[in-house]
Amino acid sequence: MNTLGRSDVRVTGLGLGAGPLANLYTEVDDEQAHATVAAAWRRGVRYFDTAPHYGLGLSERRLGAALREHPRGDCTVSTKVGRRLEPSAAGGDDLAHGFAVPATHRRVWDFTADGIRRTLEASLARLGLDRVDVVYLHDPDDHAEAAFREGYPALEKLRSEGVVGAIGAGMTQTAMLTRFVRDTDVDVVLCAGRYTLLDQSALTDLLPAAQRRGTSVVIGGAFNSGLLADPRPTATYDYAEAPRELVDRALRLKAAAERHGTTLRAAALAFCAAHPAVASVLVGARSAAEADDCADQFGATIPPDLWRELRETGLLSPDAPVPGEQSPRRPPQEQA
């Protein structure tokens with residue numbers, strides 16, 4: 001288990017991202033969602049991440065229902081604020097936002113102190129919990145002023161009151177996350193898609209800053225939304241059709257992994273987890289089989305010769321740490 005920043009909140013090296021449980025692109029029934037969480041728990045996962053945005057609250061409801069079978073003190077739960085849900089009579093579905101659910105609510109950007117408290121209270125009701133362990137400001141890209149002027153101070157107050165254990169921000173860019181690390185007292189940042197085998201841009205600013213400040217980093221999007229899980233011409237990268245050059249690069253990475261007797265999925269997860277600033281790697285799953293596969297891949301041993309080949313062929317930055325090269329700043333990650 002790893003501790004987040006200077007808080008006492010702890011996470012497993014592998015975490016479950018609960019976005020897919022909210023009918024991301026295709027429907028998942030309640031039983032399948034429950035079985036996914038149960039499989040992750042059985043394999044040692046104790047960190048679970050969700051958000052109101054995921055399926056207009058469906059992810060939080062399903063995750064909360066599944067976790068009720070387990071002791072609350074044995075797991076860490078994170079959710080997000082910044083998108084407040086309001087009832088809507090517009091009808092239709094939410095596929096424009098990626099979720100196959102009825103559009104019973106609409107999302108309202110709200111980083112005010114009142115909005116954050118209201119959003120968190122609604123999340124707790126959906127989760128069936130009296131508190132969450134971690135709260136992230138969710139995608140404040142176009143709301144920087146409000147996020148820093150009102151959103152962050154509101155989270156800091158919630159932390160000081162003991163309402164939450166750790167606070168942070170989650171985004172798909174590194175510049176603003178680096179600003180949060182440098183200019184605030186966040187415990188953790190969630191960096192999605194910017195530290196992977198295909199994109200190591202977080203090495204230039206975010207990860208060094210986090211190491212200097214003692215701020216934890218949680219990595220999301222380790223597979224870049226699909227391309228690194230199953231490279232093919234129709235695969236997605238950052239939730240859009242993958243450019244041909246990235247498909248070719250992913251196929252080269254896959255071929256190299258297989259030459260060394262492992263899988264691209266295992267290498268992708270091991271790479272993310274190897275950086276000493278990284279406390280956990282979140283992986284989304286929509287079935288028990290996918291949750292088991294994530295745990296299998298995360299626990300695999302990667303031959304050192306693979307990393308050597310990737311560096312020699314220019315497929316991996318020479319500055320990126322790989323398993324076995326660095327002395328971790330935190331205790332060894334619990335293998336899920």
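This passage describes the barrel of a predicted model, two of its helices and several single residues.

The central feature treated here is a barrel. It is closed by 8 strands in the order S3-S4-S5-S10-S11-S12-S13-S16. The pairing in this barrel is parallel. On average, neighbouring strands of the sheet are turned by 25° against each other, with direction ignored.

Strand S12 spans residues 188-192. Of its 5 residues, 4 are buried, so S12 is largely enclosed by the rest of the structure. In the barrel order, S12 stands between S11 and S13. Strand S11, residues 166-171, is joined to S12 by 4 bridges. These two strands run parallel. One pairing links Gly170 with Leu190 in S12. Between S11 and S12 the chain passes through helix H5, which covers residues 175-183. This β-α-β crossover is right-handed.

The other partner described for S12 is strand S13, residues 216-220. Here 5 bridges connect the strands, again in the parallel sense. Val189 stands opposite Val217 of S13. Helix H6, residues 206-213, completes a β-α-β unit with S12 and S13. That unit is right-handed.

Strand S16 runs over residues 278-284. Burial affects 6 of its 7 residues, so S16 too is largely enclosed by the rest of the structure. S16 pairs with S13 through 3 bridges, and the two run parallel. Within this pairing, Val218 has Ser280 of S16 as its bridge partner. S16 also pairs with strand S3, residues 14-17. That parallel pairing holds 4 bridges. Leu14 is matched there with Val281 in S16. S3 and S16 stand at the two ends of the strand order given for the barrel, and their bridges join these ends.

Helices H8 and H9 form a contact of their own. H8 comprises residues 264-274, and H9 comprises residues 288-298. Their axes come within 8 Å and cross at roughly 65°. The crossing is right-handed. On the H8 side, the contact is made by Arg265, Ala266, Leu269 and Ala273. On the H9 side, Asp293, Cys294, Gln297 and Phe298 take part. The residues of this contact divide into 5 nonpolar, 1 polar and 2 charged.

Several residues lie in loops. Two of them, Asn224 and Arg232, sit between S13 and S14. Strand S14 covers residues 236-237. Asn224 has a phi near 50°, a positive value in a residue other than glycine. Most residues other than glycine have a negative phi. Asn224 has 0% relative accessibility and therefore counts as buried.

Arg232 counts as partly exposed because its relative accessibility is 37%. Setting aside residues up to four places away in sequence, Arg232 touches Leu227 and Val247. Arg232 and Arg265 are 33 residues apart in sequence. Their C-alpha atoms are 14 Å apart in space. Arg265 is one of the H8 residues that meet H9.

Tyr239 lies in the loop between S14 and strand S15, which covers residues 240-241. Its phi is near 65°. This value is positive, in a residue other than glycine. With a relative accessible area of 57%, Tyr239 is exposed. Asn224, by contrast, is buried.

Beyond helix H10, residues 304-312, lies the segment that holds Ser317. Apart from neighbours within four places in sequence, Ser317 is in contact with Gln200, Leu203 and Arg311. Ser317 is separated from Leu198 by 119 residues along the chain. In space, the C-alpha atoms of Ser317 and Leu198 are separated by 9.9 Å.

Technical notes. Residues are numbered from 1 along each chain as its sequence is written. This is a predicted model: local features need pLDDT of at least 70, side-chain atom pairs count only at pLDDT 80 or more; totals for chains, interfaces and linings use all residues. Side-chain values use heavy atoms; hydrogens and water are left out. Axes are lines fitted to C-alpha atoms, for helices over the stretch in contact, and angles run from 0 to 180 degrees between N-to-C directions. A crossing is left-handed if the near helix is turned anticlockwise from the far one by less than a right angle, and right-handed if clockwise. Contact means heavy atoms within 4.5 Å. Ala, Val, Leu, Ile, Met, Phe, Trp, Tyr, Cys and Pro count as nonpolar, Asp, Glu, Lys and Arg as charged, and the others, Gly among them, as polar. Buried means under 20% relative accessible area, exposed over 50%, partly exposed in between (1.4 Å probe, protein chains only). Two strands pair if DSSP finds at least two bridges between them. A crossover is right-handed if, with the strands pointing away from the viewer, the path from the first strand over the helix to the second runs clockwise.
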